[in-house]
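Trainee: Got a minute to go through this one with me? I'd like to talk about the metal site and then the cysteines.
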Amino acid sequence: MPLVSFVDQLNRARREGWGIPLFDIFERLGTDGIYLAAEAKNAPTIVGVYGGLFDRPGGKEFCSYFVKRCQTSTVPMSVYLDHGDSFERCIQALHLGFTDVMYDGSQLPMDENIATTKMVVRAAHAVGAGVEAELGHVGRGSDYESFGSRREGFTKPEDVERFIEETGVDFLAIAIGSAHGQYKGTPELDYELLAEISSRVDIPLVMHGGSGLSDEQFQTAISKGITKVNIFTDLAMAAGANLIEAARSESPNLMVMANAVREGFRVRCEHYLDLFGATDKA
Ligand SMILES: [Zn+2]
């Protein structure tokens, strides 16, 4: 299937009230698991690649593999730059054939975030790609106890319309109480804030830091306006748990280990595709 931007897919999901996961990955076995899940569930799926991978030895070549692999999929797939840290990084991703990019200027003053996001949007739209930006800042789960309860970095609803209007961004990541990585403490989402932001926008909203939320929290967030959810830690932990089990098996060899990683990803990805309502939406 030819790779195309997920702008249409995400807008459709938003209209119809279901969600599309972005599964982050940096190696082949997890990628296999994501593919197996997407095709088994006949679900539109996003493969996310963290920009830092580009700088590792063989990183850009590996990204080309993701793009080629997605082109062979039987369901709509997107290769998406996750947390692009600069305008240049976003251009590198577009050059490699990524369908959509995230520019993350969430730690910059809003005017600077707007200025660079606007440039990325202009460049990406020229080649048919979509752009996600982040307003407010989603922190780390390891610091959750210090920022979560204080609502530090949460998105201010009054900033949202100006940000979208001035940048022309296609998707907006917002901070409503989720965090990246494993949570220290119990994650609580501010559904009122989400509903208020959702009522002010007409583009898909994105939640980062999905790992560690309950199934009910995911479903409530999607029902109140989240369309795309980014997930990595939960998949990596499932693969890790499978590896420990495989290592303790009677004949722990590389093929058993490889399958443990693939299966860890597949099982959890299938779970999320079902949970978000993406199954059979291809
Ligand atoms: Zn993220």
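Mentor: Sure. One term before we start: a residue is called buried when its relative accessible area is under 20%, exposed when over 50%, and partly exposed in between. Also keep in mind that this is a predicted model.

Trainee: Okay, which residues are the protein donors of the zinc ion?
Mentor: Three histidines: His83 through NE2, His180 through NE2 and His208 through ND1. They lie 2.0 to 2.1 Å from the zinc ion.

Trainee: And what spacing do the donors follow along the chain?
Mentor: The pattern is H-x96-H-x27-H. His83 and His180 link distant parts of the chain, 97 residues apart. His83 is in strand S3 (residues 77-84), while His180 is in the loop between strand S6 (171-174) and helix H8 (191-200).

Trainee: Is His83 buried or exposed?
Mentor: Buried, because its relative accessible area is 15% and the cut-off is under 20%.

Trainee: What about His180, buried or partly exposed?
Mentor: His180 has 26% relative accessibility, so it counts as partly exposed.

Trainee: Switching topic: how many disulfides are there?
Mentor: Zero, going by the rule that the two cysteine sulfur atoms must be within 2.5 Å. Take Cys70: the nearest cysteine sulfur belongs to Cys63 and is 11 Å away. Cys70 is buried, at 1% relative accessible area.

Trainee: And where is the nearest cysteine sulfur to Cys90?
Mentor: On Cys63, 13 Å away, and Cys90 is in no disulfide. Cys90 counts as buried, with 1% relative accessibility.

Definitions and conventions. Residues are numbered from 1 along each chain as its sequence is written. This is a predicted model: local features need pLDDT of at least 70, side-chain atom pairs count only at pLDDT 80 or more; totals for chains, interfaces and linings use all residues. Side-chain values use heavy atoms; hydrogens and water are left out. Donors are N, O and S atoms within 2.8 Å of the metal (3.2 Å for Na, K and Ca); water is not among the atoms, so sites may look incomplete. Helices (H or I, at least four residues) and strands (E, at least two) are DSSP runs, numbered from the N terminus. Buried means under 20% relative accessible area, exposed over 50%, partly exposed in between (1.4 Å probe, protein chains only).
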